Amino acid sequence: MDIQIDWFAFVQVFFAALIAAGAVVGSYALGLRMLVRAGRAPVVAPVEFTDAITVMSDKQRAKAEKAAAKAAKRSPLTVGQKRLAFAVACAAFGFCALAVLSGLLLIVIGH
């Protein structure tokens, strides 16, 4: 039994996966950047563990929230520009979701 490997197909799949991964990661980074430009920085509350250890104290959390609010006030963008940045962020995250869902469909349904 002589097995032939189609190396050109292997290279095509490799580069397609590389480009697709770069596109998804780049789109996600663009979405985060546009959220920050729109003044909607994703601030996550600190996690409390079951043994009552906190990652940040209340004072540190208040300081971080104050700094984020101050940075949002200093934004040189107009209201329209902030809305556009938010719309671009939503589109970028939508592209990421679509790419992930289409990949899952290829795995589940594709042959």
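**Close-up views of a three-helix chain**

**View 1. Ala87 and its distant partner Met34****.** At 42% relative accessibility, Ala87 counts as partly exposed; that label lies between buried, under 20% relative accessible area, and exposed, over 50% (1.4 Å probe, protein chains only). You will find Ala87 in helix α3, where helices (H or I, at least four residues) and strands (E, at least two) are DSSP runs numbered from the N terminus. Along the sequence, 53 residues separate Ala87 from Met34, yet in space their C-alpha atoms are 8.5 Å apart. Please keep in mind that this is a predicted model, in which local features need pLDDT of at least 70, side-chain atom pairs count only at pLDDT 80 or more, and totals for chains, interfaces and linings use all residues. Residues are numbered from 1 along each chain as its sequence is written, and side-chain values use heavy atoms, with hydrogens and water left out.

**View 2. The whole chain, for orientation.** Starting at the N terminus, the elements follow the order α-α-α, which gives 3 helices and 0 strands. The chain has 111 residues, and 11% of them count as buried. About 9200 Å² of the chain is exposed, with carbon and sulfur atoms supplying 70% of this area (Shrake-Rupley method, 1.4 Å probe; for residues, only the protein chains shown count as cover). Take the contacts (heavy atoms within 4.5 Å) between residues at least 6 apart in sequence: 70% of them join residues at least 24 apart.

**View 3. The largest nonpolar core****.** Five residues are grouped here: Met34, Leu35, Ala38, Ala85 and Ala89. A core of this kind is a set of buried Ala, Val, Leu, Ile, Met, Phe, Trp, Tyr and Cys residues joined through side-chain atoms within 4.5 Å. Helices α1 (7-37) and α3 (79-108) each give two or more residues to this core. Look next at Leu35: beyond its neighbours within four places in sequence, Leu35 is in contact with Arg40, Ala41, Phe86, Ala89 and Phe93.

**View 4. Leu84 and Ala38****.** Leu84 belongs to helix α3 and counts as exposed because its relative accessibility is 56%. Its C-alpha atom is 8.0 Å from that of Ala38, although the two residues are 46 apart along the chain.

**View 5. Ser27 and the two cysteines.** Is Ser27 buried or exposed? Ser27, a residue of helix α1, counts as buried because its relative accessibility is 10%. Leaving out residues up to four places away in sequence, Ser27 touches Ala92, Phe95 and Cys96. Cys96 itself counts as buried, at 9% relative accessibility, while Cys90 counts as partly exposed, at 42%. The structure holds 0 disulfides, meaning pairs of cysteine sulfur atoms within 2.5 Å.

**View 6. Ala21 beside Ala99****.** Ala21 sits in helix α1 and is partly exposed, with a relative accessible area of 42%. In sequence, Ala21 and Ala99 are 78 residues apart; from C-alpha to C-alpha, the distance is 9.5 Å.

**View 7. Ile19 on the surface****.** Which helix holds Ile19? Ile19 has its place in helix α1 and is exposed because its relative accessible area is 62%.
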